Amino acid sequence: MKNLLEKEIDTRRTFAIISHPDAGKTTLTEKLLLFGKAIRQAGTVKAKKSGKFAASDWMEIEKQRGISVTSSVMSFLYEGYHINILDTPGHEDFSEDTYRTLTAVDCVVMIIDSTKGVEPQTKKLFKVCRMRGIPIFTFMNKLDREGREPLELLQEIEEVLDIESYALNWPFGTGKRFLGIYDRYNDAFIRFTGDEQEERIPKEALEAHGELQQQPTFQEGLEELELLEGAGNDFDPERVRAGELTPVFFGSALSNFGVQAFFEAFLEYAVPPQPRKTNERIVQPEEEGFSGYIFKIQANMNPQHRDRIAFLRVCSGVFERGMTVHLTRTGKTMKLSQAQFFMASDRETVEKAYPGDIIGIYDPGAYQIGDTLVEKKETYQYDELPQFPPELFAKVRAKNVMRAKQFYKGIEQLVQEGAIQLYRQDSSDEYILGAVGQLQFDVFSYRMEGEYNVEIDMVSMGERIPRWLAVNDKQLNKRLFDERSLLVKDREGRFAVLFKNDFALRYFQEKNEDVELVDLLQAQEDDFQAAK
Ligand code: G4P
């Protein structure tokens with residue numbers, strides 16, 4: 001017999017939706033929220049995106065200021081499941097937070113625009129999921145438009161993303177000739193009518209539908225399906241859970257077509273909260289003592305209020321309002337009196353939360369990203385969050401040298417908080433900031449002025465490719481480096497080279513064959529694979 005905690009865990013599905021901008025993430029999220037009755041009408045999330053109203057953007061004030069740093073959580077109930085969708089902002093809102101959010105989910109839904117195939121931002125986010133062995137479900141969107149050949153799309157996923165795929169449903173035609181999908185999970189044909197109504201025809205009843213049988217597109221679909229049965233991968237839920245096989249679903253989020261079939265299969269095969277690694281032992285979600293870790297800190301953009309919200313993922317036990325916990329990094333005791341859930345449109349005070357849930361706790365400035373909170377007198381810390389190599393760099397200094405002290409203090413604190421990464425140029429000690437998205441620079445500059453009263457000068461260095469060096473100071477021949485391959489030190493004092501472009505990287509490598517260059521993301525993926 002399962003106890004109450006185990007039952008709560010079993011019904012949790014905590015995931016993020018990743019995609020390239022415009023693939024349909026907002027549209028799909030909205031359809032899922034509608035299923036869960038978390039919003040009442042279509043257009044709610046959409047309207048938010050255009051700046052009018054924010055369902056997943058609860059810091060309205062910031063929105064009005066034109067800066068949004070929120071990647072929030074939407075929670076709702078659906079068919080007995082507790083769903084937590086973590087938002088991963090794209091476009092100009094892309095930041096390290098987007099990556100870190102992926103450490104707090106148990107699975108991921110990847111949306112691909114079927115007219116375009118795998119796009120750059122999807123690739124980046126996918127890599128982080130792969131690095132952590134997170135199960136990935138694919139929704140191939142916009143089937144109502146003339147798309148690319150479905151078989152070609154599957155092949156692209158396998159080749160470009162290096163993951164095996166299994167189509168749990170199969171489209172018959174696309175665009176004007178789109179007839180519907182064959183649901184291999186339930187053995188039924190779902191006819192596309194375009195009016196958000198789905199007509200389900202069980203396999204046995206298909207013979208009687210002469211109007212379908214007569215269409216060449218339908219016959220082609222049947223042939224492809226047969227081909228897939230014979231030559232495609234086998235469906236193995238275990239491999240899905242291990243992140244080695246991605247189930248693929250075809251549909252149209254806008255027409256709400258194939259979305260329900262996708263969501264039902266997703267809920268069945270997606271994993272509930274899993275055991276997590278700490279520096280001492282593996283912690284099981286059903287352990288009695290509460291534990292969790294902070295994966296994101298939301299600074300209040302209002303300079304009058306220094307308080308912040310720390311986003312915590314519950315990993316084990318039960319969170320109860322007002323409970324006392326230990327911050328294992330410092331050994332300090334903290335009382336968690338102000339905690340919030342993030343419903344689709346509101347924040348709500350949390351009384352209880354279970355593994356897989358995300359809660360927002362009030363941060364008086366005590367927390368850092370990656371911090372572990374535990375209820376019992378334990379000392380473990382959850383595995384460090386991966387480091388994400390920045391892609392954009394900028395040189396920075398205080399406009400007024402008289403404000404140097406505040407400048408250093410501000411940088412120190414914001415870097416520590418994880419808002420931005422800091423490097424120093426080896427030859428001149430100049431400060432260089434690194435980020436994965438432009439938003440991080442904007443927020444940095446804004447906060448330096450608002451919170452530390454320092455105006456800064458920032459000179460963009462554009463995109464760079466960072467690679468770390470495996471050698472120490474003494475072995476390093478500093479004459480190898482120049483403006484195109486700029487030598488810097490990171491916060492831990494490790495040497496890295498910022499290459500101006502791919503060409504500079506290759507040129508350097510050719511000329512210096514014995515210098516080992518480390519791609520941080522790749523190295524972390526290798527470590528993860530080795531640990532498995
Ligand atoms: P994003 O959050 O991933 O950036 O994408 P979003 O959902 O905003 O969708 C991007 C555009 O693609 C929107 O059109 C949306 O209506 C459209 N779209 C989403 N799903 C489908 C689909 O299944 N079929 C078709 N044909 N279009 C789809 P837009 O013109 O940018 O916005 P709107 O003016 O239509 O709201």
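In this predicted model, lysine 116 is partly exposed, with a relative accessible area of 45%. Its partner in a salt bridge is aspartate 113, and the N-to-O distance between the two side chains is 4.0 Å. Aspartate 113 counts as buried, at 2% relative accessibility. One end of this bridge is therefore buried, while the other is partly exposed, because 45% lies between the limits of 20% and 50%.

The count of salt bridges in the model comes to 32. Another of them joins aspartate 97 to lysine 296, with the closest N and O atoms 3.4 Å apart. Aspartate 97 belongs to helix H5 (residues 96–101) and lysine 296 to strand E14, so this pair ties together parts that are 199 residues apart in sequence. Strand E14 itself covers residues 291–299. Both aspartate 97 and lysine 296 are buried, and for lysine 296 the relative accessible area is 0%. The two side chains also make a polar contact of 3.4 Å. The pair does not stand alone: salt bridges with shared partners join Glu96, Asp97, Arg100 and Lys296 into one network.

A further salt bridge connects aspartate 106 with arginine 313, where the closest N and O atoms are 3.1 Å apart. Here, too, distant parts of the chain are linked, since aspartate 106 sits in the loop between H5 and E4 and arginine 313 in strand E15 (residues 308–316), 207 residues away. Aspartate 106 has a relative accessible area of 6% and is buried. Arginine 313 is buried as well, at 1%.

How are the strands of the open sheet ordered? The sheet has seven strands, which follow one another as E2-E3-E1-E4-E5-E11-E6, with mixed pairing. At its edges lie strand E2 (73–78) and strand E6 (164–167), each of which pairs on one side only. From one strand to the next, the twist averages 30 degrees. Helix H6 (residues 120–131) packs on this sheet and touches E1, E4 and strand E5 (136–141); the direction of H6 makes about 145 degrees with that of E1. Within the sheet, strand E1 (residues 12–19) runs parallel to strand E4 (residues 107–113), and five bridges join the two. As one example for the reader to find, isoleucine 18 has methionine 110 as its bridge partner in E4. Strands of a sheet pair through backbone hydrogen bonds, in either a parallel or an antiparallel way.

The antiparallel way can be seen at strand E24 (residues 392–398), which is joined to strand E26 (residues 431–435) by five bridges. In this pairing, lysine 395 stands opposite isoleucine 432 of E26. Strand E24 also pairs in the antiparallel sense with strand E27 (residues 456–463), over seven bridges. There, valine 396 has methionine 458 as its bridge partner. Because six of the seven residues of E24 are buried, this strand is largely enclosed by the rest of the structure.

Is helix H2 (residues 25–35) mostly covered or mostly open? Helix H2 is mostly covered, as 10 of its 11 residues are buried. Among the buried residues are Lys25, Glu30 and Lys31, along with Leu28, Leu32, Leu33 and Phe35. Just after H2, lysine 37 adopts a positive phi of about 55 degrees.

Key:
Residues are numbered from 1 along each chain as its sequence is written. This is a predicted model: local features need pLDDT of at least 70, side-chain atom pairs count only at pLDDT 80 or more; totals for chains, interfaces and linings use all residues. Side-chain values use heavy atoms; hydrogens and water are left out. Helices (H or I, at least four residues) and strands (E, at least two) are DSSP runs, numbered from the N terminus. Buried means under 20% relative accessible area, exposed over 50%, partly exposed in between (1.4 Å probe, protein chains only). A polar contact is a pair of N or O atoms within 3.5 Å; within protein, one must be able to donate a hydrogen and the other to accept it, and residues adjacent in sequence count only if both atoms are side-chain atoms. Two strands pair if DSSP finds at least two bridges between them. Axes are lines fitted to C-alpha atoms, for helices over the stretch in contact, and angles run from 0 to 180 degrees between N-to-C directions. Contact means heavy atoms within 4.5 Å.
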